[in-house]
Amino acid sequence: MAWGEKPTSVHRCPECGAFEIERSSRRGVVERVRLLLARQRPYRCLKCDHRFYDRRV
Ligand SMILES: [Zn+2]
């Protein structure tokens, strides 16, 4: 499960609906582990700068 794998699903911003999103930079080890356990990944919208989490499927 490498960082930078081909995305298996299309994500979009829940705020503005844009598809131009990127994986948000990690904030720290604790956050990273927490998200890993929750099976979520942080994303950031390039259009409106909205940050959100998406559940890994
Ligand atoms: Zn957006």
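The following dialogue explains how to read several features of this predicted model.

Biologist: Which conventions apply to the numbering and to the confidence cut-offs?

Modeller: Residues are numbered from 1 along each chain, as its sequence is written. The model is predicted, so local features need pLDDT of at least 70 and side-chain atom pairs count only at pLDDT 80 or more, while totals for chains, interfaces and linings use all residues.

Biologist: What is the mean pLDDT of the protein chain, and which elements have the lowest and the highest mean?

Modeller: In general, pLDDT is the predictor's confidence in each residue, from 0 to 100. Here the mean for the protein chain is 83, and 79% of its residues reach 70 or more. Among the elements, strand S1 (residues 21-23) has the highest mean pLDDT, 91, and strand S3 (residues 51-55) the lowest, 86.

Biologist: How many helices and strands does the protein chain have, and which pattern do they follow?

Modeller: Helices (H or I, at least four residues) and strands (E, at least two) are DSSP runs, numbered from the N terminus. The protein chain has one helix and three strands, and along the sequence they follow the pattern β-α-β-β.

Biologist: In which order do the strands stand in the sheet?

Modeller: Two strands pair if DSSP finds at least two bridges between them. In this structure the three strands form an open sheet in the order S1-S2-S3, with antiparallel pairing. S1 and S3 are at the edges with a single partner strand each, so one side of each has no neighbour in the sheet. From one strand to the next, the twist averages 40°; such angles run from 0 to 180 degrees between N-to-C directions, and axes are lines fitted to C-alpha atoms, for helices over the stretch in contact.

Biologist: How many bridges join each pair, and which residues are partners?

Modeller: S1 and S2 run antiparallel and are joined by three bridges; Glu22 has Arg44 in S2 as its bridge partner. S2 and S3 pair in the antiparallel sense over five bridges. Within that pairing, Tyr43 has Phe52 in S3 as its partner, and Gln40 has Arg55.

Biologist: How many residues separate the two strands of the hairpin, and what is notable about the turn?

Modeller: S2 and S3 form a hairpin with five residues between them. Asp49, in the loop between these strands, has a positive phi near 65° although it is a residue other than glycine. A second case is Arg39, which is not a glycine and has a positive phi of about 55°. Arg39 is placed in the loop between helix H1 (29-37) and S2.

Biologist: Are Asp49 and Arg39 buried or exposed?

Modeller: A residue is buried if 20 or more other C-beta atoms lie within 10 Å of its own, exposed if 12 or fewer, and partly exposed in between, with C-beta atoms placed from the backbone. Asp49 is exposed because it has 10 other C-beta atoms within 10 Å. Arg39 likewise counts as exposed, with 11 C-beta neighbours inside 10 Å. For the protein chain of 57 residues, buried residues make up 4%.

Biologist: How many residues of H1 are buried?

Modeller: The count is zero among its nine residues, and H1 is hardly covered. Glu31 lies in this helix and is exposed because it has 11 other C-beta atoms within 10 Å.

Biologist: Which residues does Pro42 touch?

Modeller: Two residues are in contact if their C-beta atoms, placed from the backbone, lie within 7 Å. Pro42 lies in strand S2 (residues 40-45). Not counting residues up to four places away in sequence, Pro42 touches Arg23, Ser24, Leu35, Arg51 and Tyr53. Pro42 is partly exposed because it has 16 other C-beta atoms within 10 Å.

Biologist: What are the C-alpha separations of Pro42 from Phe52 and from Glu31?

Modeller: Pro42 and Phe52 are ten residues apart along the chain, and their C-alpha atoms are separated by 5.9 Å. Glu31 and Pro42, eleven residues apart in sequence, are 9.8 Å apart from C-alpha to C-alpha. Across the protein chain, among contacts between residues at least 6 apart in sequence, 42% join residues at least 24 apart.
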